[in-house]
Each structure stands twice: as structure tokens, then as C-alpha cells.
Amino acid sequence: MKKLHKNSKQGFFWKKDIDIRTIILIVVLVALAMFFGFVDKFFFTFKNIDVMAILAPEMGLMGLGMALSLMLNGVNLSINNGANLSALISGLFLINIAPIFGGGNVVISIGITVIIAIGVGILCGLLNGFLIGYLKIQAIIATLATMIVFSGISEAITGGKSLTNFPHELQVISTGAIGGIPIPFLIFLAMVIIVYIILEFTSLGFEIQMVGTNPIAAQFSGINVRLVIMETYILSNVLGSLSGIIVMSFTNSVSYEYGTGTYILLALLISVLAGVTPGFGSTLGVFLATLIFEVLSSGFQMLLSGLNGSSFFTDFSWGIFFIGILIIVNLAQKVQNRT
Amino acid sequence: MERVVKTYEFALFIALIGFSMVIGFVKPAFFSISTIFNILDNSVTYTIMGFGVLIVLLSGEIDISFVAIAALSSYATNMLLLSWGYTGGISFYLIIGAIFGALLGLAEGLIVTKFNIPTFFVSLGYQILLYGFTLFFLGSTYNFNLPPGLTNYYSEFLIRVKNPFGAETSLNVPVLYLLIIAIAMWLLLRYTLFGRGLYAIGGDREAAKRVGFPVKRIILLALIINGILASIAGNIQNASNGYFDPTLFRGNDLNVIAYVIIGGASILGGRGSVIGVVLGVIFIQVLDLGVIYMGISADWQQLFIGLALVIALSASTLPSILRRIQE
């Protein structure tokens, strides 16, 4: 289905020499930022950069989770609905149970909320990993089924209504900042670094690369393929849950159908743009791709603010840039191969 | 006969019958002509799109932009034909739409084959691009403007049947198109060089290339046919709805692919059949209708459908697990 690039220098090797895709992504990002900064002087204001740093992580975290599943030659379609479900369960805790005992202490109740969300993420990942790793169901239908299950659970619990009226303190997660950097962005950055360390320096990372490139060879070399798949999908869904928490805090509500349809597609766009293929993936690429999408949407939103349906033009531009960058990377790699 | 019994499609058919039996046992009202008509009517557009998905999957590629092609080509067709002052029925819609669909499929195919990028990657961007184009440049609202020949399309029936209580149930015309397209697809896959080529390049691309199959041209043609089928499905769906929707089928891309895979196609290419697609779509429709007949409240329906899918998928792996234990 997806061919490995012959000269792929991601994953294992990109720390030795930065590959051509990373350079192209950086160039595109800088060029876009300069273009929007030149056209609209508000683009580089502190406020706009702040907003972008708050908005980018929700997409980026899902992109990171999606990238992990793509590295195993699978896909995690349930990541968005798993995120909604974990936000919902932890939100229910925050509204109904937290005031009973943790009431006064904000830090503890929000801390427990985050832990519950991660716990639900682990459970979601367990189900995915079991279906894909142990029962060997194709990832695309297994996660489609769990996607329906997760959103079904959320819908059954809430009766289709969205959950609101969270304690005011929850907004700290999305509006707070440490040293001037918004907390969502710090979470995203931390996760990018953690995933990078896992992929490059742990045995799990090595096993993911092995299983992704050739599961049968991995099996014969003594790797517990099923366990690797299980662990990866758990990690993938936990990243989604973190995104769910940020969305819950930012919008101050949880809806079972938030982002349905569009978020999966965007997460896929980000990880493909980052050059993730089975066995190979660069977390730096995911980071850069996320920023490109955020700059594009923020930039066009400003430029076309008066115009009707400017978000549709953003979609259009995403598609154009995505295909354009794929073509440029492809041509550049061809040139590189020749020399 | 034995060859038929051993196929995946036959197992799916048996599962479908068994499943219907369970629903019918709980709610005898499920066994009626109107249920069958209902399921057939609801299956038409998804099955037609499913055929396009099947062709692309067979070749070893994955496309998810067909939903956007369906939306764009049908919405544009309606705008074009209205501006011409067209007053007739759906036939012209299907023809003009098919031209749009073919061109959109061709554009996608050229990007895929010229630059050697996997179809899945291109189609990700292509889908979001096409929906964005439709919504921004063509229109972002439902278009209720239809030519006179099309306004009553939802009530053009193929067959009418009176049930014992005097009420009338009817089967819509598009089922006929589905039948024609299904037969055409079956012939195409079975008796043409293109059809055999699809299976060949999906099974082992390198070997097919050595034998002399023009891999790129086959993929290009597969994407064009995919576009044509999507445009037909789009026009039929919009005409039956009675309005043209610029976001038609948005978010249904993966569902349709899942139906085709449930119908026995492999995501890796080289395996799948026309009858499998039909059964896969009907299986989901029976599931959807089943939860309604079982009297499950609306909020819980999705959960039950999801759980039923998980159980069905898990059950389908039982034979291979048993085999592994035996060894």
C-alpha cells in the first residue's frame, strides 16, 4: 500500500543528517509566516502568536497519535472520539464528584481530572490494541468500529447534549502560561519530545520501527508484535485524550460529536505531511506540519476576515499546500537520488 | 457449488441471514416487503460509491476523495444545467455529472501517476481541497432549485406493493441503476484486461509489471471510473433528497471503505468482489434498521451498532484463531 522511500533518512537516521523533507517543511513554514506577516501587520502581534500557540496543540497532539499508528502500518480512526469520551468522563468527574471531597483544592481536582482522562485513553487504546494486535483485525475497520463505540458511549451518557458549566478553574489549562508560553503549547512540546525519545532511544521505539517495516521478520526476531501494537495504540489514544482535555478547557464544554469527520482527516494530513510511513516517522516533521496548518488557517482567517465563508477557503488552501508540498518533496527526492 | 460455499461472501451472506433472523425473531414486523425496499433504497448510493472504492482497493491503492468528487460534481452539474434552463429529468444530470467526475478523477490520477505518490496521500489533500472549493467558490448553502423534471424524483417508483393493511410501499427507480451498474462492474472485473489487471497489480505489483500490465494506466483508469461512479451516486442522492448539498457525504468516506472491507475486500489490494460490496453495504443497513426495530432508544443506537460491529469483527477472526490453536 505505502511504499518506503528508498532514501528515507527519517526515524533512525535523521539525527545524523537532516533529511530533505524537513528542510522543505521549514522553508514552507518560514515563507508562509513571512508572507502573512508582510500582508497583515497583525499577524506577528503577540496576541495572534499566543492564540496560534493555544490552538495548534489540539490538532498536533492528534497528529502525533495518528503518526504512531501509521508507523505500524495501521491507522487510528478512533482517536478523536476517544478524546471526546475521555474528556466527557473526566468532565463528569469534575462536575459531579470533585466538589464532594476535593472541592477546595483546585490543583488536586484538576490533576485528578487529567489522570482520569489519561486512564480512559489507556482503556480506549487497550480495546484498539486488542482488536488489532491480538485478534488481527485490519486496523481501518477495527478502529472505525471502536470509533462508533466510543461516540456511542458518549452519546448514551449525555443523551446527545453537550456538557458545560465546568468550574472556572479548568480554563487554566488552556489560558494559563508558564514563562509566557501557553500551557497547551508546553504540553504539545513535551509530548513531541517524549515521543521522540521513545522512538529514538527506547526498545519500544526500535520495536515499532521493526514491526512497521516488516511484522513477520519482527515476529521471527523475537519481538512480541502483539504487545508492541497494544502499547502503541495505548500511547496513540492517550495523546488523543490530552488533546481532548485541552479542547474541553478551551471551549468550556464537551460534545460527543466535536470534530467528528474533520479532525481525523486533519490528523492524517499532518502525519502524512510529516513524512510518516510504516516503520519511519519524524516527530520534528509532525511538529512542523502542525505549525504549517496553524499558520495557514490563522493567516487566511485574518486576510479574509470580512469575507463570507473564509474557513472554506482555508480548507481549500490546506489541500493545495498539502498536495503541493508532497509533489515538491517527491521531486526533490528524485533529484537527490540522481546525484 | 463447493467453491461458492467456501467463499467469504457466502459466509457473510449466511451471517446476514442469521442476523436478520434474530431481529425478526424479536420483532416479527421486520419481515416485510417494506423492510426489503427500505434497505435496498438506502443501499443504492453507498453501493455505487462502494464499487468505485472496490476498484481502487483492488489495484492496491486507497482513495478517500470520492465523497468530495460526488459532492462537487453533482452540485456543479445542478448549477450548470439550471443556467442552461434545463427542464428534464435525471438522465442529463448523470451524463454531465459523469464528465465532471471523470475529469476530477483524471486530475487526481495524473498527480498520483506523474509524481509517484500513493493515492491515499494525494486523496487526503484532494478531498479537503474539493470540499473547500465547492463551499467557497460554488456555494455553501443547500440548493433547493431543481428543474421541473427532477422535483418529484423521490416519488418516482419502480414497483408499488400493497401490504395486507392497505398501506402502499414502493421501490425507488435508482435501484434499477444499481442493478445495471453492478452487472457492468461484474463484467468489467471478470472479462476485461483492465479488470484482470486490477487484481494483478493489487496482488503483486512487481510481478504484474514484469508480465507487461501498464500499471500507471490501470491506476489512472481506476481513479477515473471511481470519479464517474461517485458523481452518479452524488446526483442520485441529491436528486432523491430534493436539494443539492455542497457537503454531501462529508465524513462518510471511511464508512464506505469499511463497508467494502466488510464485504471481503483487502485493504492491501488484490482481493474483493462486486457481490461482496453489495452484501457489505446491506449488512450495515440491516444493522442500522435492526437497532430501530429492536426499539433501542435513539441515544443508545450508535453504541449498539458499534458493539455489534466489534462483536461481528471479532467473530470473523474465530476460524483463524481456532486454526492456530489446532496447530
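How many helices and strands does the secondary structure of chain A come to? The count for chain A is 13 helices and 2 strands, while chain B has 14 helices and 2 strands. Here helices (H or I, at least four residues) and strands (E, at least two) are DSSP runs, numbered from the N terminus.

A word on reading what follows. This is a predicted model, in which local features need pLDDT of at least 70 and side-chain atom pairs count only at pLDDT 80 or more, while totals for chains, interfaces and linings use all residues. Residues are numbered from 1 along each chain as its sequence is written, and chains are lettered from A and ligands numbered from 1 in the order in which they are written.

**The two chains**

Some definitions help with the table. A residue is buried if 20 or more other C-beta atoms lie within 10 Å of its own, exposed if 12 or fewer, and partly exposed in between, with C-beta atoms placed from the backbone. Two residues are in contact if their C-beta atoms, placed from the backbone, lie within 7 Å.

| Chain | Property | Value |
|---|---|---|
| Chain A | C-alpha trace along its principal axes | about 65 × 55 × 35 Å |
| Chain B | C-alpha trace along its principal axes | about 60 × 60 × 35 Å |
| Chain A | buried residues | 52% of the 339 residues |
| Chain B | buried residues | 44% of the 327 residues |
| Chain A | contacts at least 6 apart in sequence that join residues at least 24 apart | 79% |
| Chain B | contacts with a separation of 6 or more that join residues 24 or more positions apart | 76% |

The radius of gyration is taken over C-alpha atoms, and the globule rule is 2.2 Å times the number of residues to the power 0.38. For chain A, the value of 20 Å is close to the 20 Å that the rule gives for 339 residues, so chain A is as compact as a globular protein of that length. Chain B has 21 Å, which agrees with the radius near 20 Å of a compact globule with 327 residues.

How sure is the predictor about chain A? Its confidence in each residue is the pLDDT, from 0 to 100. Chain A averages 87, and 94% of the residues score at least 70. Confidence in chain A is highest in helix 10 (residues 225-251), at 95, and lowest in helix 6, at a mean of 84. Over residues 1-17 of chain A the pLDDT is below 50, and this stretch has 34 contacts in the model beyond near neighbours in sequence.

**Where the chains meet**

Chain A brings 43 residues to the contact and chain B brings 41 residues. On the side of chain A that touches chain B, the elements giving two or more residues are helix 5 (139-158), helix 11 (262-273) and helix 13 (310-338). Helix 5 of chain A gives the most to that side, with 13 residues. By character, the residues of this side of chain A divide into 27 nonpolar, 11 polar and 5 charged. In this count Ala, Val, Leu, Ile, Met, Phe, Trp, Tyr, Cys and Pro are nonpolar, Asp, Glu, Lys and Arg are charged, and the others, Gly among them, are polar.

**The core and helix 4 of chain B**

A nonpolar core is a set of buried Ala, Val, Leu, Ile, Met, Phe, Trp, Tyr and Cys residues joined through C-beta atoms within 7 Å. The largest one has 196 residues, and those with the most contacts inside it are Leu269(A), Ile270(A), Met49(B), Ala70(B) and Val260(B). Helix 10 (residues 215-241) of chain B gives the most to this core, with 13 residues. Not counting residues up to four places away in sequence, Met49(B) touches Phe66(B), Ala70(B), Leu229(B), Ala230(B), Ala233(B) and Val256(B).

Why is helix 4 of chain B largely enclosed by the rest of the structure? The reason is that 13 of its 18 residues are buried. Just after helix 4 of chain B, Gly85(B) takes a positive phi of about 75°.

**Some residues to look at**

Ile187(A) is in helix 7 (residues 183-201) of chain A and counts as buried because it has 20 C-beta neighbours inside 10 Å. Its contacts, leaving out residues up to four places away in sequence, are Pro57(A), Leu242(A) and Ile246(A).

Two asparagines have a positive phi of about 60° although neither is a glycine: Asn165(A) and Asn116(B). Asn165(A) is found in the loop between helix 5 and helix 6 (172-175) of chain A, and Asn116(B) in the loop between helix 5 (90-115) and helix 6 (119-138) of chain B. Asn165(A) counts as exposed, with 9 C-beta neighbours inside 10 Å, and Asn116(B) counts as exposed with 12.

Definitions and conventions. pLDDT is the predictor's confidence in each residue, from 0 to 100.
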